[in-house]
Amino acid sequence: MEAEPPRHTPGSGPAGWWRRRSLRFRLTATASAVLALALAVSAYVFVGVLGRALAGTIDDEVYQRAREVVALADAGRLGDRIVTTDNTIVQVLDASGRIVNATPGTDRLVPLLGADRREGAVRSGRPVFLDGRPYGIPGPLRARVLSADAGRTVIAARSFKEVQGSLTTTGHVLIVGTPLLLVLLAAASWLVIGRTLRPIALLRRGAAEISGTARTRRLPVPESRDEVHSLATTLNDMLARLEAADARQRALISDASHELRSPLASIRLQLEVALSHPEGQDWRETAEGVLEDTMRLSRLAEDLLALARLDEGRTVRREPVDLAALAERAVERHGVTGDIASGVTVDGDALDLGRVLTNLVANAVRHATSTVVVALRAEPPGTGAPLSGTAPGRGTAGVAGEGATRADVAVLTVTDDGPGIPAEDRERVFDRFTRLDSARSRDEGGAGLGLAIVRDTVRAHGGTVHLEDAAPGLRAVVRLPLAAPETSR
Ligand SMILES: Nc1ncnc2c1ncn2[C@@H]1O[C@H](COP(=O)(O)OP(=O)(O)OP(=O)(O)O)[C@@H](O)[C@H]1O
Ligand SMILES: [Mg+2]
């Protein structure tokens, strides 16, 4: 795995160098360093324990020999020469410090230990080290001194060379073996970490291959059910959401351009016809036609702007809005029937809420056979469904929370006695650019953005909107949280 080019300069010095290494290298190096330390400590402890165990064995044997000789001496059965089966050498000294007995080949003139050390060793009852070279024995000796009857002293000693040899051999094995083991383990770590990181490398490569124009924008998901798997699925979910948002955006642009084209074509046609036959042209009629198309264009532009603003998700302005007054004004302007309770105030943006009313009343007026009724009331707590529950399948969690804490809701309904909307289309019409009566002339209907703006605005105010059957006709129901008492007064 190659090191990634650094995003920000990691600095110079050892820390910078270390940070520039690949993750694989750093993980392997760290694991190996810890391992090396553990192995070194283990080897050290092992050699120490082994040495102590071997020395213990020798001490036991030497003590055993010494005891035997003391027993023989005390029993007076000690010959001139002492015979031992192992390589222990023994000297028996009389009270004046002269050697009276010894194992064959042992110095019979000079005691292994001087009088001072002998006394010390007897008193402490512990084995002592002494150099064997003056006595022709290579390496150190382990000796034990015991006192026997009649002031005699028994010195038993044995070469420590074997133990030293064993320890040296063990040390050599460890010095060669430990680094070898370390190298093996480091290599294994390198491989295992490489395998572990491979899905991440694949993810990275997959991400690098994703371009703005690629058909499918998905990252490879590893088969293992581990963290990398969940990372890949989470990232893929995110990509899917981005893709959906992107698709919506493209559709919106294409729909919007489509909607812009027809009034522009109409304006152009009217002007071209008028200019090619200027004689006998009713310029006033032409101007009126062009003006009508221009109004359509500017309405469309305004609607798109409103949607873009709502899409930005900026929190709406929160000020007490007299919804009753807004409704009264809409009733007057469109000449429809009103059934409006006074003093219903909500928190929000008066312009946005005014647009909600205008859009709903305009729809109702356009489709009504004879009457349109705008009704507004405040529902006391407990009546009606909770705020979020009124929008079938579309309720948002945030709104539900808000609805639960609010005491009351404002319920605004706009009812007409027109053809209504079939139940299966009552959600669909809230989508952008959705028109059911597309067969109708364009002049009569708009672009199909009205209800989309209504829903986005109501949601931004923490409320819900849905359509229901008014038998005959259609009723649009908007529920908004009432203004908190302290702000409404
Ligand atoms: N009161 C209603 N009765 C019957 N159908 C309706 C009613 N209100 C809306 N619709 C249907 O829902 C569709 C979408 O309405 P919406 O308000 O979103 O768009 P529009 O009125 O066609 O255009 P715009 O509101 O942008 O001028 C309408 O085209 C219409 O078919
Ligand atoms: Mg409309």
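Biologist: Which helices each supply at least two residues of the shell around ligand 1?

Modeller: Happy to help, and please keep in mind that this is a predicted model. The shell around ligand 1 holds 20 residues, and Arg 299, Asn 363, Arg 366, Asp 416 and Leu 451 come nearest. The helices that each supply at least two residues of that shell are α8 (350-367) and α10 (450-460).

Biologist: Thanks! Which helix gives the most to the shell around ligand 1, and with how many residues?

Modeller: By class, the shell has eight nonpolar, seven polar and five charged residues. The helix that gives the most to this shell is α8, with four residues.

Biologist: How much of the accessible area of ligand 1 does the protein cover?

Modeller: Let's start with the backbone around the ligand. A backbone N or O atom of Gly 446 lies 3.4 Å from an oxygen atom of ligand 1. Polar backbone atoms of Gly 448 and Leu 449 are each 2.9 Å from an oxygen atom of the ligand. On its own, ligand 1 has 590 Å² of accessible area, and the share that the protein covers is 96%.

Biologist: What is the space taken by ligand 1?

Modeller: The protein covers 96% of the ligand's accessible area. The space that ligand 1 takes is the largest pocket.

Biologist: Now to another residue: is Val 290 buried or exposed?

Modeller: Val 290 has its place in helix α6 (residues 283-311). Its C-alpha atom is 7.2 Å from that of Gln 270, which is 20 residues away along the chain. The relative accessible area of Val 290 is 16%, and the cut-off is under 20%, so Val 290 is buried.

Note on methods: Residues are numbered from 1 along each chain as its sequence is written. Chains are lettered from A and ligands numbered from 1 in the order in which they are written. This is a predicted model: local features need pLDDT of at least 70, side-chain atom pairs count only at pLDDT 80 or more; totals for chains, interfaces and linings use all residues. Side-chain values use heavy atoms; hydrogens and water are left out. A residue is near a molecule or strand if one of its heavy atoms lies within 4 Å of it. A polar contact is a pair of N or O atoms within 3.5 Å; within protein, one must be able to donate a hydrogen and the other to accept it, and residues adjacent in sequence count only if both atoms are side-chain atoms. Accessible areas come from the Shrake-Rupley method with a 1.4 Å probe; for residues, only the protein chains shown count as cover. On a 1 Å grid over the protein atoms alone, a cavity is a set of points where a 1.4 Å probe fits but cannot get out, and a pocket is an open set with protein on both sides within 12 Å along at least five of seven lines; lining residues have an atom within 4 Å of a point. A molecule sits in a cavity or pocket if more than half of its atoms lie within 2 Å of its grid points. Ala, Val, Leu, Ile, Met, Phe, Trp, Tyr, Cys and Pro count as nonpolar, Asp, Glu, Lys and Arg as charged, and the others, Gly among them, as polar. Buried means under 20% relative accessible area, exposed over 50%, partly exposed in between (1.4 Å probe, protein chains only).
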